[in-house]
Amino acid sequence: MKKSLLFIALATVTGSAFSAPYTFNARQDAMGVTGVTSANYLAAPFYNPALLANYGESDDFGILLPVVGVEVFDKGDLVNKSSDFSDDYDSYQNMYQDFQNGNNINAETANQFNALSQKVKGELTDLQGATGFAKAGAGLAIALPSSVLSSAVFVNGYADVMAFTDVNMNDIQDVTETVGGQTITVSIPTDENNLSSQMIALGASVTDFGLSLARSFDYNDVKWSVGASPKIQRIDMINYVAAANSDFDNFDSDQYTETKTTFNLDTGVTAEWQNGLMAGLAVKNMFKQEISKQVNGVNATYELSPVPTASVAYKALDMVTVTGDVDLLAQKRFSSLTGTNNTFNADDDDLQMASVGAEFDVFHWAQLRAGYRHDLKGTQNDAVTAGFGLSPFDTFHFDVAGIYASNKEFGAVLQTALTF
């Protein structure tokens with residue numbers, strides 16, 4: 001796979017749209033990818049609009065610009081496996097063509113070809129079932145907290161890409177040929193036009209252009225906050241189907257893409273007690289959206305479903321924050337895939353996250369953060385997260401986060417912000 005999953009994700013998010021089934025934020029990603037009760041008012045539109053009403057006495061105005069992040073997940077080692085197959089398949093084709101032209105055919109080269117033929121056959125077989133994922137995102141927000149009605153405008157962006165190989169077992173058949181008096185075994189088609197196994201890349205990006213509104217009120221010594229984020233949402237989908245040794249050229253061509261523009265809504269509520277304990281619930285994308293694209297007989301559907309997330313947080317001495325979030329329902333992502341050589345379970349890419357995190361704030365000038373993330377669906381491996389922030393005079397904010405699950409599953413997030 002000569003163009004990586006990350007390349008496609010970045011090209012999708014920058015070339016077509018921003019998105020929001022998920023969110024990147026350096027502070028929250030460093031804290032285990034939490035945020036429903038622990039995000040600050042400036043990040044509220046991305047996690048829980050109710051938090052927009054939870055601001056400090058000195059907070060008047062904030063700008064988050066920009067936040068950028070990437071993550072890659074390659075548990076099946078798809079990138080290396082597909083690259084090895086592509087390189088060896090080229091050598092396999094070239095050697096066979098030399099034999100057909102009467103060049104360099106003898107007992108030794110015939111044996112070399114037979115060994116290479118079996119190697120390529122094994123590599124193609126190993127590709128079946130191997131998958132890889134990548135995410136890339138960006139966002140910005142401008143927030144104006146107020147005791148009457150807090151508000152913010154935001155743009156949030158995300159590209160979600162999955163790639164895998166769909167192997168046709170008819171491609172894997174040993175056929176004996178005699179060329180130049182030497183016997184060779186052809187294990188898979190030597191002409192890539194006759195290679196039925198295919199590489200499929202499915203991608204979706206979702207652009208959210210929204211307005212967040214929130215208000216708080218006190219009841220029985222509890223501070224309640226409620227918020228909503230109506231938004232215009234554009235969903236772009238890629239269904240790229242090509243030969244198994246493809247380098248993903250022209251993956252963003254119109255023949256592989258589909259676009260849908262619609263309306264959606266995020267809502268949230270928080271309750272904060274005087275002892276520093278807070279609980280919250282946020283629902284992203286309350287109206288389910290679907291988009292489908294068919295290419296070369298392969299029909300894929302991406303689903304943007306409502307995801308409610310419950311959360312608790314505890315703040316002590318204005319220095320320590322501990323928090324935990326859990327998705328109450330799974331994000332479906334690609335909900336249907338038909339027309340492939342093999343049957344694929346559409347639930348295999350579902351995500352349902354449970355996360356914990358903590359922050360230690362040194363006089364509002366520097367912050368240390370760490371966390372842990374677990375996928376209840378098992379699609380992604382458990383990940384540890386960490387990061388730091390610098391916030392001189394509590395005005396300029398620079399935050400970095402890292403996410404690590406293995407040497408093939410990792411991510412990074414960077415952001416800057418101004419608060420006044």
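Trainee: What is the sign of phi at G129, the residue that follows α5?

Mentor: Positive, near 90°. Keep in mind that this is a predicted model, where local features need pLDDT of at least 70, side-chain atom pairs count only at pLDDT 80 or more, and totals for chains, interfaces and linings use all residues. Residues are numbered from 1 along each chain as its sequence is written, and side-chain values use heavy atoms, leaving out hydrogens and water.

Trainee: Why is α5 called a helix, and what span should it have?

Mentor: Helices are DSSP runs of H or I with at least four residues, strands are E runs with at least two, and both are numbered from the N terminus. The expected span is 1.5 Å times one less than the number of residues. Helix α5 has 21 residues (107-127), so it should span 30 Å; its end C-alpha atoms are 31 Å apart, which agrees.

Trainee: What makes a residue of α5 count as buried?

Mentor: Buried is under 20% relative accessible area, exposed is over 50%, and partly exposed lies in between, using a 1.4 Å probe and protein chains only. Among those that pass as buried in α5 are F113, L116, V120 and L124. Their cover includes α4 (78-100), β3 (150-166) and β5 (182-186).

Trainee: Which strands are called edge strands in the sheet β10-β11-β14?

Mentor: Two strands pair if DSSP finds at least two bridges between them. This open sheet is antiparallel, and β10 (289-295) and β14 (333-338) are its edges, since each pairs on one side only.

Trainee: How do you know that β11 pairs with β14?

Mentor: Five bridges join β11 (298-304) to β14, and pairing asks for at least two. One of the bridge partners is F334 in β14, matched to Y302.

Notes. Contact means heavy atoms within 4.5 Å.
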